[in-house]
Each structure stands twice: as structure tokens, then as C-alpha cells.
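Work through the exercises below with the model open. Try each task before reading its solution.

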Amino acid sequence: MSCDTWTQSISQILGWAYFVLWSLSFYPQVLHNHRRHSTDGFSIDFALLNLLGLTAYTIFNACFLFPPVVRSQYAQRHPQSPEPTVQWNDFVYALHGALICCYLGSHFLSPRFWNFESKPQRVSNLTLVVVLGCMGVVSLAILWVLVSASWEWIDVVYTIGMIKVFLTAVKYTPQAVMNYWRQSTAGFSIGAILLDLAGAVLSLMQLVLDSSLQADWSGTIGNVTKLLLGNITLLFDLVFIFQHFVLYRERRYWTCAMPPKAATTTCNSILFLES
């Protein structure tokens, strides 16, 4: 078996491995909510931004896999490596994640249906501005392609990809801030973060391997969305791990939304370890 064949096989293994890890990372929070019958400690802003980001990532990957016009435009811009580095596992992961995020959203929208006893959360005005702003940017990009010869459809796809990067950069902030104000990570599953971290490492490894296989590192820049996603995810995952295991390790087991010291008379500590 040639070296290139081995490299391709390793790339496929890495791709499906991070797909599995990232796909599994959605489930600890789902199970955690159902186990506690509550979404307290889990930010609705984080859930909404995550849903929007994964929807954008699904569209981004689909556009590089299916529409011939986008694939031909990519080949024109990257003649030495005309095949996009987007893989099928990227698309399946994004679609699966968006569907699970819809399910998580139902925990906030219909707590009575799930028999949850959660304090109602309202989406912040800043999050609504971000959501509407992202939709506006995409609409303007599509309009610019229709009225100008300087942009192509691939530029719209790259815009959607950068929106996903932007949302990844900001979506974790509401959860990190919630943890800070509560001085606790109770309600937020650290198991999801550990799986997310492992998947990000394997995603970056696959991207580097694919570019080296093509002997053209422009493939990395050509899929800058995947490159930035992996690095941003790594950074925020480390922040949550530091919060959970270092800053608030004595305060992981409180079920209410207020800081533990203020809640001693109104809240009961939970007896199980967080997922």
C-alpha cells in the first residue's frame, strides 16, 4: 500500500472519529437536562447561537459537496488542489448537530411537555441582534452577487462559513458568563466539553493531513472555516474545563441558578456527578 493511500485512510479515520466525538458531544447536555428535569444552569443564548451556527455550517458544507457551480468556482481559485477539503463527515456532523440543537431548544420552549421544573429564561436582546445581523449579512451577500460581477456564489458560501466562525467565537460567551455569575458550572455538562475538545483536535489533524496529501497548503486556507472552528473550539473548551475543574470545583452540584452561598436556604445540593 502506497504512502498516499495510507495517508488517505488515516484522514478518513480521523474524519469519522471527530465526527463521532462531536456528534456524541451533543448528548451529555440532553441527558443532563432530562436527569435533572431542568435547564437551569444551561444558557438559552448559548443554545440559540449554537443552533444558528450549526445551521450555517450545514449550508456551508452542503454547498461544497453538491452544487457544481460552487465546486467549479473553488477549482478555479485553487488550481493545484481543485477538490474542496470538505468531507462528507463534516456535512453529516453539522446536520445532525442542528437537529439535536432543535431538540435542546424544545427544552426551553416546552418545559411542561418534558415535565421540567425550570426557571424561565429569556433570549437576550444582544443575542437577538446577533441573529438578525447574521441573517442580514447573508441576504446582502446574495443581493450583491445578483447585482455585481465582482462576487461569485462561492463568496456567499464563504460568508456563511465566516458567520459560523463568528457564532462559534461568541456562542460560548453567554454560558461562560452564566457560570461566572452563578460561580458554578452546575447544570452545564462538562462531558460535552471534553468530547468537543477531543473532536476539535482530530478535526485540525485531518485538515492538516488533507492539505499535506495534496502538497498544497492553500487547501487549509481554502477551508479556513474548519481551521478557525477547530482553534476557537479548543480555546473555549479549555476555558470551561478551567471553570469546572479549578475555579468552581467545589460548587458543581447546586441545582439553582443563584450562587451557592446565597442559595443555601432555598436549594438542595444534588447527589450525582455531572455528566
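The exercises go from the whole chain to single residues. The model is a predicted one.

**Exercise 1. The fold in outline**

Task: Find how many helices and strands the chain has, and what share of its residues is buried.

Solution:
- Start with the elements. The chain has 11 helices and 0 strands. From the N terminus on, the order is α-α-α-α-α-α-α-α-α-α-α.
- Turn to burial. Of the 275 residues, 51% are buried.
- Add the surface. The accessible area is about 13400 Å², and carbon and sulfur atoms hold 71% of that area.
- Finish with the contacts. Take those with a separation of 6 or more: 80% of them join residues 24 or more positions apart.

**Exercise 2. The span of a helix**

Task: Check whether the end-to-end distance of α3 fits its number of residues.

Solution:
- Count first. Helix α3 covers residues 44–65, which is 22 residues.
- Compute the expected span. The rule is 1.5 Å times one less than the number of residues, so α3 should span 32 Å.
- Compare. The end C-alpha atoms of α3 lie 32 Å apart, so the two values agree.
- Look at the start of α3. There, a side-chain oxygen of S43 comes to within 3.2 Å of the backbone nitrogen of D45.
- Check the cover. In α3, 18 of the 22 residues are buried.

**Exercise 3. A helix pair**

Task: Classify the packing of α3 against α6, and name residues that meet.

Solution:
- Take the geometry. The axes of α3 and α6 (residues 125–147) are 10 Å apart, at an angle of about 10 degrees.
- Apply the cut-off. Angles under 35 degrees count as roughly parallel, and α3 and α6 are therefore roughly parallel to each other.
- List the contacts. On the α3 side are D45, L48, L49 and L52; on the α6 side are T127, V130, V131 and C134.
- Explain the spacing. Residues three or four places apart point the same way, because an α-helix has 3.6 residues a turn.

**Exercise 4. Two residues, two settings**

Task: Decide whether S38 is buried or exposed, then do likewise for W144.

Solution:
- Place S38. It is in the loop between α2 (27–36) and α3.
- Classify S38. Buried means under 20% relative accessible area; S38 has 6%, so it is buried.
- Find the partners of S38. Its side chain reaches the backbone nitrogen of D40 at 2.9 Å. Leaving out residues up to four places away in sequence, S38 touches N33, F116, E117 and S118.
- Place W144. It belongs to helix α6.
- Classify W144. Its relative accessibility is 44%, so it counts as partly exposed.
- Find the partners of W144. With residues up to four places away set aside, W144 touches S150 and W151. The C-alpha atoms of W144 and V156 are 9.1 Å apart, with these positions 12 residues apart along the chain.

**Exercise 5. Positive phi**

Task: For N115 and Q183, give the phi value, the loop and the exposure class.

Solution:
- Take N115. Its phi is positive, near 60 degrees, and it is not a glycine. N115 lies in the loop between α5 (88–109) and α6. Its relative accessible area is 54%, so N115 is exposed.
- Take Q183. Its phi is about 55 degrees, again positive in a non-glycine residue. The loop is the one between α7 (153–182) and α8 (190–213). At 24% relative accessible area, Q183 is partly exposed.
- Add H37. This residue follows α2, and its phi is positive, near 55 degrees.

How values were computed: Residues numbered from 1 in each chain as written. Predicted model: local features only at pLDDT ≥ 70, side-chain atom pairs only at ≥ 80, totals over all residues. Heavy atoms only, no water. Helix = DSSP H or I, 4+ residues; strand = E, 2+ residues; numbered from the N terminus. Buried < 20%, exposed > 50% of the residue type's maximum accessible area, 1.4 Å probe, protein only. Contact = heavy atoms within 4.5 Å. Areas by Shrake-Rupley, 256 points an atom, 1.4 Å probe, with all protein chains shown as cover. Polar contact = N/O pair within 3.5 Å; in protein donor to acceptor, adjacent residues only side chain to side chain. Axes fitted to C-alpha atoms, helices over the stretch in contact; angles between N-to-C directions. Parallel < 35°, antiparallel > 145°, perpendicular 65-115°, else oblique.
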